[in-house]
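Student: Got a minute to go through this model with me? I'd like to start with the pockets.

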Amino acid sequence: LTFTTSNSTGADFVAAAWVEDGALFIAESLPPSLCGTLGPWVHVVRMTGLAPDTTYGYRFGELRRNCGRAPPGMPGCSERHELRAAPAPGDKASRSFAVLGDMGVLWSSPTISVLSQRLDTFDFVHHNGDISYADNFYKGVETAQNTGIYQDWMDMFYANISSVSASRPWMLGVGNHESPCNYSEFERRAAGNPYRASMSTSPQYFSRLHGSVFMIVLSAEQGRLDSWDSEEFRWLREQLQLAQELKRNG
């Protein structure tokens, strides 16, 4: 779970998520960074120990608000959402997921609408880069539509997809439109990608096991795949070997 708060949020703000089985998870909070303008705080909550393939209600917000017990509408707390935990590793049941790319704030409404109406038909979304096209505005392109600035357009896109991402994981891949500020703003907002768990050193590339589906996400940005001996290629070879081992072991 990843959510943001204003860049004016005090450093003493402790972000958390409450699951209706009583579990409390404290967020890792990443302070604002400057990319054109100052971005928001990014709060990453890693929910562990959930029963596989089980639906949970949850809320998130400021720890001191005790959002898990707070009444609806409590300031500093989200509304109630539901999520479904990932299936157990190796689960052989058939799985569906949505794969898309090149969305942007201006052109993504029809896709978001379809996904919102079909939430029960897929487990998660993989967004294969070129996320909000905020860099068009950061670079002064499309000036007739330049009603915002880089961080605003990033925030707008993530708010627009929340009708889906609040209940289905929205996994982020990287593309050339995430390049401003040396990809730093993408990497902050994609910090929830399971890259550390898959022995990657960057949110730009990672792997994840979803039931019996082993997904490998790569980044061709910043020359990462220009050499067969690059760090990412070495990592990829290890991941392919791991996938083969998992397949052999059933």
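Tutor: Sure. The second largest pocket has a volume of about 220 Å³. Here a pocket is an open set of points on a 1 Å grid with protein on both sides within 12 Å along at least five of seven lines, and its volume is the space filled by probe spheres set on the points.

Student: Which residues are closest to the centre of the second largest pocket?

Tutor: Trp-18, Glu-20, Cys-67, Gly-68 and Arg-69, out of 15 lining residues. Lining means having an atom within 4 Å of a point.

Student: And is this a predicted model?

Tutor: Predicted, yes: local features need pLDDT of at least 70 and side-chain atom pairs 80 or more, while totals for chains, interfaces and linings use all residues. Numbering starts from 1 along each chain, and side-chain values use heavy atoms, leaving out hydrogens and water.

Student: Which strands each supply at least two residues of that lining?

Tutor: β2 (15–19) and β8 (55–62). Strands are DSSP runs of E, at least two residues, and helices are runs of H or I, at least four.

Student: New topic: where is Asn-66 found?

Tutor: In the loop between β8 and β9 (81–84). Asn-66 has a positive phi of about 50° although it isn't a glycine.

Student: Why does Asn-66 count as partly exposed?

Tutor: Because its relative accessibility is 34%, and partly exposed lies between buried (under 20%) and exposed (over 50%), with a 1.4 Å probe and protein chains only.

Student: What about Gln-222?

Tutor: Its phi is also positive, near 55°. Gln-222 sits in the loop between β14 (213–217) and α6 (231–248), and is partly exposed at 41% relative accessible area.

How values were computed: 1 Å grid on protein atoms, 1.4 Å probe; cavity = no way out; pocket = protein on both sides within 12 Å on 5 of 7 lines; lining within 4 Å.
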